[in-house]
Amino acid sequence: MSTKHRLVALLGAGLTVVALTAASVGSASADNGVRQIEMTDDCDPASFNARFGAGTCRGDGDTTLDQFLKQLSPKHVPEDWAFDPSRATAKAGQTIVAKNVGGETHSFTCVTQFGGGVADLLNQLGGFTTPAVPCANEDVPGSFVPSGGKRIVTLGGPGTAMYQCLIHPWMRTTLRVRGD
């Protein structure tokens, strides 16, 4: 991983994900009202890497790929794949640090409408029939975060800010942005 961006293609069982892995970003301090969002998963490296290639899962999770796929349905999603918190209040102009503490690459993508992502199989199994709509100025390739990485964003004005993982579209957070 000596290049600034590395193309990662995950192929198999109808699952095709292309993610640009962003280079590391500078750290942000926990003071001055910085809000942290954690991206989590429980991927089992042996089964995920056997199916999709070495490095797909860099974590130490216990959920095998078969278990993961069985958990996913239109009425249920794998609970260990999540944004934490899924809802929060923040201030206009506040810095958000999205840390990927899971074993897989995730995206922290600003959207104006939650919906399906880039993985057709996960969309089908989860019943995500309408695609997510990225925010107008969102750098979608730059929103992908490798395991152990982070993405830093600054919130705009008051209103609602929504973020989701475009690989695992049930991973979402909604931020109520206050003007004070």
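Two strands count as paired if DSSP finds at least two bridges between them. In this predicted model, five strands meet that description and make up an open sheet, running in the order E5-E13-E12-E8-E9 with mixed pairing. At the edges sit strand E5 (87-91) and strand E9 (133-134), each of which pairs on one side only. Strands of a sheet pair through backbone hydrogen bonds, either parallel or antiparallel. For E5 and strand E13 (residues 172-178), the sense is parallel, and the pairing runs over five bridges. One residue-level example is Lys91, whose bridge partner in E13 is Arg178.

Next comes the nonpolar interior. The largest nonpolar core holds 37 residues, and those with the most contacts inside it are Phe83, Phe108, Leu155, Tyr163, Trp170 and Leu175. Strand E12 (residues 159-164) gives the most to this core, chipping in three residues. Trp170 is worth a look of its own. What does Trp170 touch, leaving aside its neighbours within four places in sequence? The list of contacts reads Phe68, Leu72, Val77, Pro78, Trp81, Leu122 and Phe128. Trp170 counts as buried because its relative accessibility is 12%, and buried means under 20%.

Several of those names come back when the aromatic rings are considered. Across the whole structure, a search turns up seven aromatic pairs. Phe48 and Trp81 make a stacked pair, with 6.2 Å from centre to centre and 25° between the planes. This pair links distant parts of the chain, since Phe48 is in helix H1 and Trp81 is in the loop between H2 and strand E4 (82-84), 33 residues apart. Phe48 and Trp81 are both buried. Phe68 and Trp170 also pair up, but here the arrangement is tilted, at 6.1 Å centre to centre and 45° between the planes. Again distant parts of the chain are linked: Phe68 belongs to helix H2, Trp170 to the loop between E12 and E13, and they are 102 residues apart. Phe68 is buried too, with a relative accessible area of 3%. Put Phe48, Phe68, Trp81, Phe128 and Trp170 together and they form one aromatic cluster.

That leaves the cysteines. How many disulfides does the structure hold? There are two, and with the bonded cysteines numbered in sequence order, the pairing goes 1-2, 3-4. One disulfide is formed by Cys43 and Cys57, with their sulfur atoms 2.1 Å apart. The torsion about this S-S bond is about 85°, so the disulfide is right-handed. Cys43 lies in the loop between strand E3 (35-40) and helix H1 (45-52), while Cys57 lies in the loop between H1 and helix H2 (65-71), so the link ties together parts that are 14 residues apart in sequence. Both ends are tucked away: Cys43 is buried at 1% relative accessibility, and Cys57 is buried at 3%.

The other disulfide joins Cys110 to Cys135, with 2.0 Å from S to S. With -65° about the S-S bond, this link is left-handed. Cys110 lies in strand E8 (residues 109-113) and Cys135 in the loop between E9 and strand E10 (144-145), so the pair ties together parts 25 residues apart in sequence. Cys110 is buried, with a relative accessible area of 16%, and Cys135 also counts as buried at 17%. As for Cys165, this residue is buried with a relative accessible area of 0%.

How values were computed: Residues numbered from 1 in each chain as written. Predicted model: local features only at pLDDT ≥ 70, side-chain atom pairs only at ≥ 80, totals over all residues. Heavy atoms only, no water. Core = buried A, V, L, I, M, F, W, Y, C linked by side-chain atoms within 4.5 Å. Buried < 20%, exposed > 50% of the residue type's maximum accessible area, 1.4 Å probe, protein only. Helix = DSSP H or I, 4+ residues; strand = E, 2+ residues; numbered from the N terminus. Contact = heavy atoms within 4.5 Å. Disulfide = S-S within 2.5 Å. Phe/Tyr/Trp six-rings, centres within 6.5 Å; stacked < 30°, edge-to-face > 60°.
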